[in-house]
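Work through the following exercises with the structure open. Each task is followed by a solution in steps.

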Amino acid sequence: MRVLVIGSGGREHALCRSLMLDPQVTELHSAPGNAGTEEISAPHPVTATDPAQVTELALRLGADLVVVGPEAPLVAGVADAVRAAGIACFGPSSRAAMIEGSKAFAKEIMTAAGVPTARARACVTPEEAAQALDEFGAPYVVKDDGLAAGKGVVVTGDREQALAHAAACERVVIEEFLDGPEVSLFALCDGKTAVPLQPAQDFKRAYDGDEGPNTGGMGSYTPLTWAPEGLTEQVMREVVQPTIDELARRGSPFQGVLYVGLALTAKGPKVIEFNARFGDPETQVVLDRLETPLAGLLAACATGRLSEHPAPVFRAGSAVAVVVAAENYPDAPVKGDVIEGLDPIGGAYVLHAGTKRVNGQVLSDGGRVLNVVGTGPDQETARRNAYELVSRVRLRGSHHRTDIAR
């Protein structure tokens, strides 16, 4: 298979790494990629959200499979254009991707499908927002209705802060707070059939102890040895299958990965959010543990043959990812600093996220700059290995959490 991966972040480097290890993959391309993906795939400059550009590149490369990593190209219709050109594409249509593109649409789907989730109100005016905040009470949960790169959610006990976030967005969804540990579950879907990958947990807040603003994610780990027995099967039965059935009923079959963000409440698992793509940085640890070759799984989703494919198998042991972020992330990250200390060590390696290569040097080029992945027979060993390599990375002004998977 000739495979083209669209995107430039840590998730895409993780996808490229797994695809490179798959003997079925004879050519691997990335567009636009980063300083890490270009070491293992052929890079191509492209505007990832431009359906015509991506399709033209896929045709020119003779790609057998296009894998769309980020959400913005999916909402922009990149997968629709690629499929219309006769190329298999892993990633939902623009209409199906609205399950991430609009929080209000996602709530509508959940209600229709009977999926357990928080009570919510879609609000446009300050008056509607104030009424919803009073209805649900503190802690207040205010979500930008549109795409916000994982940073559009404010959870706060400060009513004025909640109102200010609502006022800064065109439309928001305000909902009741769901209490309990959070879990991320990815389900691979071909429009009708869905199979789960291994659950993971990520850490959204910028600083230790879950302090500071929400981010795109500061670290993750898998497996979750503390998760209730039968959790994955319950979520597939009560959340994933009803959701993809409802989307199919509406004429928008979901082909790709449905990301389910869950809170394990006292009343059982409830959905916090849906995403239409692999989560970042959970993908980095989940794919590290995936033993089944990736390309065949993604191609089965893209071609409607997932029911014919063997169920995914995972390696024993644990993986922990720690994000190294640029100075001032998540507000106004500083870019252009030299990064050193990227060589792997026993039990740990680096996946690039916000990086670029200039004159042979790797420079920071985003907020979340690197994902350092540690592995081991157990969580503590994987964690220790990850932080040992983090300690060797040199990036001026960078910061990371020290409590990932503690």
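**Exercise 1: a hairpin**

Strand β21 (residues 355-358) and strand β22 (residues 361-364) run antiparallel and are joined by four bridges. The model is a predicted one.

Task: find which residue of β22 stands opposite Arg357, and state how many residues lie between β21 and β22.

Solution.
1. Strands of a sheet pair through backbone hydrogen bonds, so the search follows the backbone.
2. Opposite Arg357, in β22, stands Val362.
3. Two residues separate β21 from β22, and the two strands form a hairpin.
4. In the turn, Asn359 has a positive phi of about 50 degrees.

**Exercise 2: a four-stranded sheet and its helices**

Task: give the strand order of the open sheet that contains β6, β7, β8 and β9, then state where α7 and α8 pack.

Solution.
1. The order is β6-β9-β7-β8, with antiparallel pairing.
2. β6 (120-123) and β8 (153-156) are the edge strands, each pairing on one side only.
3. On average, neighbouring strands of this sheet are turned by 20 degrees against each other, direction ignored.
4. β7 (residues 140-144) is joined to β8 by four bridges; Val141 stands opposite Val155 in β8.
5. α7 packs on the sheet, where it touches β6, β7 and β9 (172-175), and its direction makes about 170 degrees with that of β6.
6. α8 also packs on the sheet, touching β7, β8 and β9, with its direction at about 15 degrees to that of β7.

**Exercise 3: two helices in contact**

Task: classify the crossing of α7 and α8, and name the residues that make the contact.

Solution.
1. The axes of α7 (residues 126-136) and α8 (residues 159-168) come within 10 Å and cross at roughly 140 degrees.
2. Angles over 145 degrees count as roughly antiparallel and those from 65 to 115 as roughly perpendicular; α7 and α8 are therefore oblique to each other.
3. The crossing of α7 past α8 is right-handed.
4. From α7, Pro126, Ala129, Ala130, Leu133 and Asp134 make the contact; from α8, Arg159, Ala162, Leu163 and Ala166 do.
5. Of these residues, seven are nonpolar, none is polar and two are charged.

**Exercise 4: a five-stranded sheet**

Task: identify which strands stand at the edges of the sheet β12-β15-β18-β23-β20.

Solution.
1. This sheet is open and its pairing is antiparallel.
2. β12 (201-202) and β20 (348-352) each have a single partner strand, so one side of each is left without a neighbour in the sheet.
3. β20 pairs with β23 (residues 368-376) over five bridges, and Ala348 has Gly374 as its bridge partner in β23.

Conventions: Residues numbered from 1 in each chain as written. Predicted model: local features only at pLDDT ≥ 70, side-chain atom pairs only at ≥ 80, totals over all residues. Heavy atoms only, no water. Axes fitted to C-alpha atoms, helices over the stretch in contact; angles between N-to-C directions. Parallel < 35°, antiparallel > 145°, perpendicular 65-115°, else oblique. Left-handed = near helix turned anticlockwise from the far one by under 90°. Contact = heavy atoms within 4.5 Å. Nonpolar A, V, L, I, M, F, W, Y, C, P; charged D, E, K, R; others polar. Pairing = 2+ DSSP bridges.
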